[in-house]
Amino acid sequence: MIEVTSPSRLHFGLLSFGGAGRQFGGVGAMVSSPGMTLRLTEAASFEAVGPHARRVVEFARLWARFESPPRPPNCRIEVVQAPPQHVGLGTGTQLGLAVAAALNAQGNRRGVSPEDLAASVKRGRRSAVGTYGFVHGGLIVERGKTAKEALAPLDFHGDLPADWRFLLVRPHGDAGLSGADECQVFDDLPPVPPHVTDQLTEELRRHLLPALLQSSFSDFSASLHRFGRLAGSCFAQRQGGPFNGPVLMRLVEQIRALGVEGVGQSSWGPTLFALLPDQATAEAIAEKLKREVTQPLSLTIAAPNNSGAEVRLLSDAS
């Protein structure tokens with residue numbers, strides 16, 4: 001049995017799109033929860049079971065075309081646990097890469113590059129944060145891609161302090177953009193002005209990354225919110241502001257009113273994140289939100305993941 005466990009991805013914002021030069025780019029981080037686990041076992045034919053089984057089949061077929069066997073190998077892939085799709089946690093990319101990693105391990109394919117791993121299941125079309133996060137964990141900054149690059153280059157990878165926690169806050173029933181709808185939105189949005197890309201880049205280089213390297217929680221939190229709000233403003237035509245709609249905007253204000261500075265939206269949402277200095281503080285803020293917010297919320301306290309996905313060979317007895 002081969003078991004793959006992978007983290008979830010938070011995306012803090014893009015650097016650019018629609019204009020000249022490199023496209024997309026951006027920064028994000030990997031968190032241990034909710035995370036994903038899948039298991040590959042021997043079988044008489046190929047089958048997929050569990051959450052998102054249909055997507056597992058799609059990814060296995062893509063992998064087979066890339067690696068050139070006639071079809072996915074005979075095995076059973078079970079998704080033991082996985083977050084919902086299209087809620088801002090990068091579930092599709094983590095699932096695709098986990099399927100590829102399991103099939104590579106079954107075929108004893110070692111040393112697969114992030115570029116080939118992503119290409120084998122057709123991920124990384126825009127953001128490369130989830131791909132590098134799957135491999136490395138931690139905080140990821142990627143440069144954006146040119147038309148000739150399949151995957152944007154990695155600019156920075158660093159560990160997040162182990163004590164920090166992300167409180168993930170998600171209203172029930174909502175989903176973010178994906179697929180053809182997402183592509184259409186990017187086609188319709190105005191390009192990010194160069195001066196905004198410059199501001200975002202400066203925020204990263206002068207504030208966010210230095211604060212991370214110094215483990216300065218307060219400076220990192222302040223920079224994280226500034227970066228996310230500015231990056232989100234590039235989507236105001238679609239979202240109505242820096243956050244995706246009035247429900248999320250109100251939640252951001254409610255969380256910040258509790259004294260939490262590092263609040264932002266992951267990708268299109270609806271998952272919001274609130275950065276807290278430790279587990280106890282995260283639990284206290286979660287309890288306050290349960291009392292003060294009337295709408296149903298999914299709340300998850302997530303530790304940073306600084307190691308990326310893990311691929312293990314388990315004995316039959318495991």
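Glu 149 is partly exposed, with a relative accessible area of 23%. In this predicted model, Glu 149 pairs with Arg 22 through a salt bridge whose N to O distance is 2.6 Å. Because Glu 149 sits in the loop between strand S5 (139-142) and strand S6 (154-158), while Arg 22 belongs to the loop between S1 and S2, the contact ties together parts 127 residues apart in sequence. Arg 22 is likewise partly exposed, at 28% relative accessible area.

The structure as a whole contains 10 salt bridges. Among them are the following pairs.

| Salt bridge | Closest N and O atoms |
|---|---|
| Glu 3 and Arg 39 | 2.7 Å |
| Glu 149 and Arg 22 | 2.6 Å |
| Lys 290 and Glu 287 | 3.3 Å |

A further link between distant parts of the chain is formed by Glu 3 and Arg 39. Glu 3 belongs to strand S1 (residues 2-16) and Arg 39 to strand S2 (residues 24-42), the two being 36 residues apart. Glu 3 is buried, with a relative accessible area of 4%, whereas Arg 39 is partly exposed at 28%.

The pair of Lys 290 and Glu 287 is local: both residues lie in helix H10 (residues 279-292), three residues apart, or about one turn of the helix. Lys 290 is exposed, its relative accessible area of 52% lying over the 50% limit. Glu 287 counts as partly exposed, with 39% relative accessibility. Elsewhere, shared salt-bridge partners join Glu 3, Arg 39 and Arg 312 into one network.

Note on methods: Residues are numbered from 1 along each chain as its sequence is written. This is a predicted model: local features need pLDDT of at least 70, side-chain atom pairs count only at pLDDT 80 or more; totals for chains, interfaces and linings use all residues. Side-chain values use heavy atoms; hydrogens and water are left out. A salt bridge is a side-chain nitrogen of Lys or Arg within 4 Å of a carboxyl oxygen of Asp or Glu. Helices (H or I, at least four residues) and strands (E, at least two) are DSSP runs, numbered from the N terminus. Buried means under 20% relative accessible area, exposed over 50%, partly exposed in between (1.4 Å probe, protein chains only).
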